[in-house]
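This report introduces a protein model to a reader who has not met it before. Please keep the sequence and the structure in view while reading.

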Amino acid sequence: MLNVALPKGRLGEKVYRLFDAAGLSCPDFFDDHRKLVLEGAGARYFLIKPSDVGIYVERGAADIGVVGRDVLLETEPDVYELLDLKLGRCRLAVAGPACPDVRPDAPLRVATKYPNVARRYYRGRNREIELIRLNGSIELAPLVGLSDVIVDIVETGTTLRENNLHVLEEVADSSARLIVNKSAYKFKRDTIDELLRKLTEGWEA
């Protein structure tokens, strides 16, 4: 039996439907419950906060998992990335006022919940930044003068437009990825490859 880490929340619902279409369903996927461990179709499913999926897979508590590329870029778990599931497509981007009022000799104030992504991005541009770690309502930061720009996920861009903010630079594309523990892939490769085949066929269907 495979141990599979799946994200909770909006992305999770899309992933459950994909697994269901691939014949990897679990009756409890679509029920209203608070269970964290589900079983079905030869697998044990762990429902986990998206930012923690990589940790469970890297440390072997789960054999495989589904996680957004944005989380992989931020946390950099030591895992294999096997498949782009093409779900939850979005962008990591720098956003802010159309013309941020920033002195060229001053650090750029960057608010984000992706500090590692932001540091690497601006280090590659030789730009000094002052990092402001936030966990929610990131778009508010430049509106009240807390930051000059933000680094965050952009899906439709509606929240940015409604707050008179704009995408200034694109950092990376993101979508749901299937990842696997390195040891599990060595010892359970046939089972994992069969799951991959089913997922791909269900996705193509």
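Which residue is the bridge partner of D84 in β11? The partner is R177. The model discussed here is a predicted one.

**The open sheet**

The bridge between D84 and R177 belongs to the pairing of β5 with β11 (residues 176-180), which is antiparallel and comprises 4 bridges. Both strands are part of an open sheet of 6 strands, arranged in the order β2-β3-β1-β4-β11-β5 with mixed pairing. At its edges lie β2 (37-40) and β5 (80-84), each of which pairs on one side only. On average, neighbouring strands of this sheet are turned by 25° against each other, direction ignored. In general, the strands of a sheet pair through backbone hydrogen bonds, in either a parallel or an antiparallel sense.

Strand β3 has 5 of its 6 residues buried and is therefore largely enclosed by the rest of the structure. Its pairing with β1 is parallel and uses 6 bridges; within it, A5 stands opposite F46 in β3. The pairing of β2 with β3 is antiparallel, over 4 bridges, and here Y45 in β3 is the bridge partner of L38. The hairpin of β2 and β3 has 2 residues between the strands, and A41 in this hairpin takes a positive phi near 55°.

**A further set of pairings**

Strand β6 (residues 90-96) is mostly covered, with 6 of its 7 residues buried. It pairs with two strands, β10 (residues 166-174) and β9 (residues 149-154). The table lists these pairings beside those described above.

| Strands | Sense | Bridges | Residues opposite each other or partnered |
|---|---|---|---|
| β6 and β10 | antiparallel | 7 bridges | V94 and E169 |
| β6 and β9 | antiparallel | 5 bridges | L92 and I153 |
| β1 and β3 | parallel | 6 bridges | A5 and F46 |
| β2 and β3 | antiparallel | 4 bridges | L38 and Y45 |
| β5 and β11 | antiparallel | 4 bridges | D84 and R177 |

**The helix across the sheet**

Helix α1 (residues 10-21) lies across β1 (2-7), β3 (43-48), β4 (64-68) and β11, and runs at about 140° to β1. At 1.5 Å a residue, its 12 residues should span 16 Å, which agrees with the 17 Å between its end C-alpha atoms. The buried residues of α1 are L11, G12, V15, Y16, L18 and F19. Seen down the helix axis, these buried residues fall within an arc of 165°, so they line one face of α1. R10 and A21, on the other side of α1, are exposed. After α1 comes G23, which has a positive phi near 75°.

**The nonpolar cores**

Which residues touch the most other members of the largest nonpolar core? Among its 30 residues, these are L6, F19 and Y45. At least two residues of this core are supplied by each of β1, α1, β3, β4, β11, α7 (182-187) and α8 (189-204). The largest share, 5 residues, comes from α1. Leaving aside neighbours within four places in sequence, the contacts of Y45 include L6 and F19, together with V4, L24 and F29. A second, separate core of 11 residues includes F46, V71, L72 and V79. Strand β3 thus holds Y45, the bridge partner of L38, and also F46, which A5 faces across the pairing.

Note on methods: Residues are numbered from 1 along each chain as its sequence is written. This is a predicted model: local features need pLDDT of at least 70, side-chain atom pairs count only at pLDDT 80 or more; totals for chains, interfaces and linings use all residues. Side-chain values use heavy atoms; hydrogens and water are left out. Two strands pair if DSSP finds at least two bridges between them. Axes are lines fitted to C-alpha atoms, for helices over the stretch in contact, and angles run from 0 to 180 degrees between N-to-C directions. Contact means heavy atoms within 4.5 Å. The expected span of a helix is 1.5 Å times one less than its number of residues. Buried means under 20% relative accessible area, exposed over 50%, partly exposed in between (1.4 Å probe, protein chains only). The arc is that of the directions from the helix axis to the C-beta atoms. A nonpolar core is a set of buried Ala, Val, Leu, Ile, Met, Phe, Trp, Tyr and Cys residues joined through side-chain atoms within 4.5 Å.
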